[in-house]
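User: Hello! I am new to this protein and would like a friendly walk through it, one question at a time.

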Amino acid sequence: MTTSDTSTPPRTVLERFPAGSPRGSWPAEEYAAAQRAQGRPDARVVMDLSSDQFLVVTDTTTQ
């Protein structure tokens, strides 16, 4: 019998952007692209429905 780990890996939120912005997710996407260019290849944008924000997250811890 095997058990599966249903926990998600810890994420670090690098920045938050309001979803109601006229530009939508563009500022978040631009910030994530800048983070990837600076050496965080796993920086990506996710939507936090409960707070109505776009979050730029990474699966690695920040220093």
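Analyst: Gladly! One definition helps before we start: helices and strands here are DSSP runs, with at least four residues for a helix and at least two for a strand, numbered from the N terminus. Please keep in mind that this is a predicted model.

User: In what order do the elements of the protein run from the N terminus on?

Analyst: The secondary structure comes to one helix and three strands. Read from the N terminus on, these elements run β-α-β-β.

User: What is the order of the strands in the open sheet?

Analyst: The sheet is open, has three strands and shows antiparallel pairing. Its edge strands are S1 (12-18) and S2, each of which pairs on one side only. That fits the order of the sheet, S1-S3-S2.

User: How many bridges join S1 to S3?

Analyst: Strands of a sheet pair through backbone hydrogen bonds, either parallel or antiparallel. S1 and S3 run antiparallel, and phenylalanine 17 stands opposite phenylalanine 54 in S3. The number of bridges that join S1 to S3 is six.

User: And over how many bridges do S2 and S3 pair?

Analyst: S2 and S3 also pair in the antiparallel sense. Valine 46 stands opposite leucine 55 in S3, while aspartate 48 has glutamine 53 in S3 as its bridge partner. The bridges over which S2 and S3 pair number five.

User: Which residue takes a positive phi in the hairpin of S2 and S3?

Analyst: This hairpin has four residues between the strands. The phi in question is near 55 degrees, and the residue that takes it is aspartate 52.

User: Which strands does helix H1 touch?

Analyst: In the sheet, neighbouring strands are turned by 30 degrees against each other on average, direction ignored. Helix H1 (residues 26-37) packs on that sheet, and its direction makes about 150 degrees with that of S1. The strands that H1 touches are S1, S2 and S3.

User: Which residues make up the largest nonpolar core?

Analyst: The core holds eight residues in all, and S1, H1 and S3 each supply at least two of them. Phenylalanine 17 is one of the eight; leaving aside neighbours within four places in sequence, phenylalanine 17 is in contact with residues including Ala28, Phe54 and Val56. The full set is Leu14, Phe17, Ala19, Ala28, Ala32, Ala43, Phe54 and Val56.

User: Is leucine 55 buried or exposed?

Analyst: Leucine 55 is found in strand S3. Not counting residues up to four places away in sequence, leucine 55 touches Val13, Glu15, Arg16, Arg44, Val45, Val46 and Asp48. Its relative accessibility is 9%, and the cut-off for buried is under 20%. So leucine 55 counts as buried.

User: How far apart in space are leucine 55 and alanine 32?

Analyst: In sequence, leucine 55 and alanine 32 are 23 residues apart. In space, taken from C-alpha to C-alpha, the distance is 9.3 Å.

User: Why is S3 largely enclosed by the rest of the structure?

Analyst: For the protein as a whole, 24% of the 63 residues count as buried. S3 is largely enclosed because, of its six residues, the number that are buried is five.

User: Which residue meets arginine 23 in a salt bridge?

Analyst: The count of salt bridges in this model comes to two. In the one with arginine 23, the N to O distance is 2.8 Å, inside the 4 Å cut-off. Arginine 23 is partly exposed at 40% relative accessibility, as is its partner at 46%. That partner is glutamate 30.

User: How many residues apart in sequence are the parts that aspartate 59 and arginine 44 tie together?

Analyst: Aspartate 59 forms a salt bridge with arginine 44, with the closest N and O atoms 3.2 Å apart. Aspartate 59 lies in the segment after strand S3 (53-58) and arginine 44 in strand S2 (residues 44-48), so the parts tied together are apart in sequence by 15 residues.

User: How exposed is the surface to carbon and sulfur, that is, what share of the accessible surface belongs to those atoms?

Analyst: The accessible surface of the protein comes to about 4700 Å². The share of it that belongs to carbon and sulfur atoms is 52%.

Technical notes. Residues numbered from 1 in each chain as written. Predicted model: local features only at pLDDT ≥ 70, side-chain atom pairs only at ≥ 80, totals over all residues. Heavy atoms only, no water. Salt bridge = Lys/Arg side-chain N within 4 Å of Asp/Glu carboxyl O. Buried < 20%, exposed > 50% of the residue type's maximum accessible area, 1.4 Å probe, protein only. Pairing = 2+ DSSP bridges. Axes fitted to C-alpha atoms, helices over the stretch in contact; angles between N-to-C directions. Contact = heavy atoms within 4.5 Å. Core = buried A, V, L, I, M, F, W, Y, C linked by side-chain atoms within 4.5 Å. Areas by Shrake-Rupley, 256 points an atom, 1.4 Å probe, with all protein chains shown as cover.
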